[in-house]
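Open your viewer and keep the selection box handy. We will go stop by stop through charged pairs and one helix packing.

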Amino acid sequence: MGKTEISRHFGLSSDQRPALRALMAALKEEGSIAPVGRRTIRHSANLPDMAALEVFGTDPDGEPLARPITWEGAEKPVIHMHPERAGQPALAPGDRVLARITRIGPGRYEGRTFKRIGRGSPSRILGIFSTGLVEPVDRRSRAAWVIPPGQENGAEPGELVYAEPIPGGSRERFMGPKPARVVERLGRMDEPRAVSRLCIAAHNIPDTFPDEVIEAAERAKAVPLGSRDDLRDIPLVTIDGEDARDFDDAVFAEPEEQGWRVIVAIADVAHYVRTDAPPDREARLRGNSVYFPDRVVPMLPEALSNGWCSLKPDEDRGCLYVEMRFDGAGTKTGHRFGRGLMRSAARLTYERVQAARDAGEDAGLEQGHVARLYGAYEALLAARLRRGTLDLDLPERRVILDAEGKVLSVAPRPRLDSHRLIEEFMVAANVCAAEELERLHMPCMYRVHDRPSDEKMEGLRGFLSGFGITLPPSNLVRPGDFARVLERTKDMPEARLINETILRGQSQAEYDPENIGHFGLALPRYAHFTSPIRRYADLLVHRALIRGLKLGDDGLSDAEAAAMPDIGEHITRTERRAALAERDAVERYLAAYMADRVGAHFSARVSGVTRFGLFVTVEENGASGIIPLSALPDDQWFHEDAAMRLLGRRTGLSFSLGQEVEVRLSEAVPRTGSLTFQLMMGDPRATAPRKAPQPPRGRQKITDRKPKGARPGKPARGAKPPR
């Protein structure tokens with residue numbers, strides 16, 4: 001029995017399965033069980049009571065942050081370290097300790113030093129060089145590093161650099177910054193595209209193709225018709241964003257009898273990227289493309305991603321396609337895969353298609369083409385609504401830059417029916433790919449999404465109970481239950497926060513050759529088939545279909561099939577790395593945009609409650625930042641983790657998720673993407689209960705001492721401003 005079968009047998013969620021892997025690894029090392037496969041063992045999501053940690057930065061209150069020294073998961077958990085005992089030097093980045101660990105909430109931990117175990121090996125510091133100093137770009141690393149004379153490596157002020165600590169330098173931590181040397185210069189931060197360059201470096205994203213990969217891509221030629229199906233007379237069209245540079249999917253729909261015929265054609269990347277050839281090895285390493293506001297870091301070289309694998313209008317292109325048939329209610333009645341040669345009839349945008357739909361026109365195509373696409377979409381949408389899926393309304397933020405890289409605006413990108421149309425067609429094609437590979441008994445790289453863990457469900461229950469909303473028991477919850485919550489709250493001022501909180505309460509989707517279904521889409525089987533230009537998982541699915549349907553000699557190899565568990569874990573990590581890098585870039589651009597508005601007041605909502613302060617999100621543009629505990633009114637504060645709120649004992653003030661607040665922007669740091677706010681409010685006694693509540697047992701007291709002179713709406717006198 002494999003690990004997935006064992007976890008399914010015992011009803012474990014995806015958040016709990018890493019603990020099972022760690023347990024099985026330990027048993028294997030003891031010789032209690034035989035080896036169970038090649039999958040990389042990941043550590044438990046719940047840390048042990050004692051662990052070896054390495055300090056890497058500080059939190060907004062200046063307290064050290066640490067991570068486990070040994071960890072094989074996608075992202076190391078962060079441990080908030082308590083201050084050292086009196087007389088002991090403060091913990092600094094690079095220090096290693098054996099610590100007692102206490103869990104303080106979902107995915108959150110506190111640590112207390114038990115024993116210091118030395119310093120870690122010198123690690124590279126990414127930061128901005130100024131005269132004699134390097135300031136880290138990681139917001140959690142607040143301490144600057146001094147660059148002694150002769151160690152600048154030619155760096156000039158304002159450059160992004162890598163530096164390394166100088167071993168044995170400045171043992172006295174109280175005497176100022178520790179010494180480091182500049183080892184690599186990455187360019188000036190006042191140049192266009194500097195933010196994305198910073199994020200690429202910070203997340204170790206490969207952005208330069210080896211010469212052999214570029215040369216192989218440039219040798220590519222047009223695909224001949226040969227034995228392919230000729231689709232060139234079918235008016236397939238691409239529909240993408242206005243700023244899209246590659247077009248890897250095309251669609252067509254027409255009515256027939258009592259239903260619909262839909263074709264989704266996808267660029268034939270497998271024809272150009274052969275297994276274990278240089279472009280394939282590089283694509284597997286990258287795992288996916290990464291999209292920044294000012295550039296794309298592609299998975300494939302431009303000669304392929306923007307050339308032969310891009311479905312440009314009026315040019316012949318090789319494709320894999322699926323022809324699907326649905327009845328009038330949107331239920332699929334059949335599908336067929338093939339390998340073809342197509343010619344896109346038009347390169348359309350979401351905005352153009354939506355405008356044509358709204359005006360009753362046809363986007364310059366033959367009469368009725370857009371109407372037919374929408375007819376098929378409405379049938380598929382009806383089937384989706386019956387199925388009860390989780391459809392979160394979280395618009396993407398669009399950053400508009402000028403030619404010099406300056407932010408002109410940041411605003412939500414509208415989500416149109418034309419976006420949903422393409423989503424429904426792509427979901428249907430992805431389902432067909434998974435079903436077809438199962439029918440063929442071929443390996444499949446599934447896109448899996450487990451139900452929320454019991455722990456996350458309890459957090460969601462606590463949050464939603466504040467709105468008078470209940471959820472079924474964890475083992476009975478369905479995506480439709482969340483959909484009903486979203487429908488019920490869609491017109492509430494807190495709708496965006498509710499969407500975000502429900503999203504954070506879900507498990508993360510993964511790639512895995514072992515299928516557990518897709519909870520969010522309410523589908524028993526699902527794979528990614530529609531974007532092989534930008535996702536390696538889709539390329540594997542294409543190769544498996546080619547092999548299973550005998551469509552060529554460039555299908556999935558036996559070695560690839562055997563390596564799928566490892567590949568699945570790798571591309572899951574690269575996908576999450578890309579998401580973090582893309583989010584970091586947007587946050588830094590937002591900070592740059594907000595830097596001109598320091599001192600301005602904003603309407604915001606509390607989007608996070610922690611023991612060190614409140615996170616707030618500005619209603620206007622989605623910018624998020626922190627109100628440190630030191631900027632809250634003078635009080636004795638208690639953190640109620642279950643209720644997700646801070647409670648003031650003397651004033652009776654409380655701050656909880658979703659609460660409306662007025663804030664003043666006090667600091668914006670584009671270097672780190674961090675924003676710091678102050679709370680603006682009247683006399684807290686005016687809104688406090690007549691009798692301040694007494695904190696019951698179970699609440700965590702944060703502080704009963706605040707800097708003197710603190711007044712509501714103004715920073716406390718003597719309070720240390722966050723850097």
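A residue counts as buried when its relative accessible area is under 20%, and as partly exposed from there up to 50%. Keep that cut-off in mind, and remember that this is a predicted model.

**Stop 1: Glu 640 and Arg 645.** Select these two residues and look at the gap between their side chains. They form a salt bridge whose closest N and O atoms lie 2.1 Å apart. Is Glu 640 buried or exposed? Its relative accessibility is 9%, so Glu 640 counts as buried. Arg 645, with a relative accessible area of 26%, is partly exposed.

**Stop 2: Asp 268 and Arg 339.** Next, select this pair, another salt bridge, with 2.8 Å between the closest N and O atoms. The two residues link distant parts of the chain, 71 residues apart. Asp 268 sits in the loop between strand E14 (259-267) and helix H5 (269-272), while Arg 339 belongs to strand E18 (residues 332-343). Asp 268 is buried, at a relative accessible area of 2%, and Arg 339 counts as buried too, at 7%.

**Stop 3: Glu 54 and Arg 96.** Now colour strands E1 (residues 50-58) and E4 (residues 95-105): Glu 54 is in E1 and Arg 96 in E4. Their side chains meet in a salt bridge, 3.0 Å from N to O. This pair also links distant parts of the chain, with the two positions 42 residues apart in numbering. Arg 96 is partly exposed, having a relative accessible area of 23%.

**Stop 4: a network.** Which residues are linked in a network of salt bridges? Select Asp 229, Glu 254, Glu 256, Arg 261, Glu 323, Arg 325 and Arg 336 together, and you have it on screen. To put these stops in context, a search of the whole structure finds 53 salt bridges.

**Stop 5: helices H6 and H14.** Finish by showing H6 (residues 278-286) and H14 (residues 536-548) as cartoons. They pack at an angle of about 130°, and their axes are 9 Å apart. That angle makes H6 oblique to H14. To see the contact itself, add sticks for Asp 280, Ala 283 and Arg 284 on H6, then for Tyr 536, Leu 539 and Arg 543 on H14. Sorted by class, this contact has 3 nonpolar and 3 charged residues, and no polar ones.

How values were computed:
Residues are numbered from 1 along each chain as its sequence is written. This is a predicted model: local features need pLDDT of at least 70, side-chain atom pairs count only at pLDDT 80 or more; totals for chains, interfaces and linings use all residues. Side-chain values use heavy atoms; hydrogens and water are left out. Axes are lines fitted to C-alpha atoms, for helices over the stretch in contact, and angles run from 0 to 180 degrees between N-to-C directions. Helices (H or I, at least four residues) and strands (E, at least two) are DSSP runs, numbered from the N terminus. Angles under 35 degrees count as roughly parallel, over 145 as roughly antiparallel, 65 to 115 as roughly perpendicular and the rest as oblique. Contact means heavy atoms within 4.5 Å. Ala, Val, Leu, Ile, Met, Phe, Trp, Tyr, Cys and Pro count as nonpolar, Asp, Glu, Lys and Arg as charged, and the others, Gly among them, as polar. A salt bridge is a side-chain nitrogen of Lys or Arg within 4 Å of a carboxyl oxygen of Asp or Glu. Buried means under 20% relative accessible area, exposed over 50%, partly exposed in between (1.4 Å probe, protein chains only).
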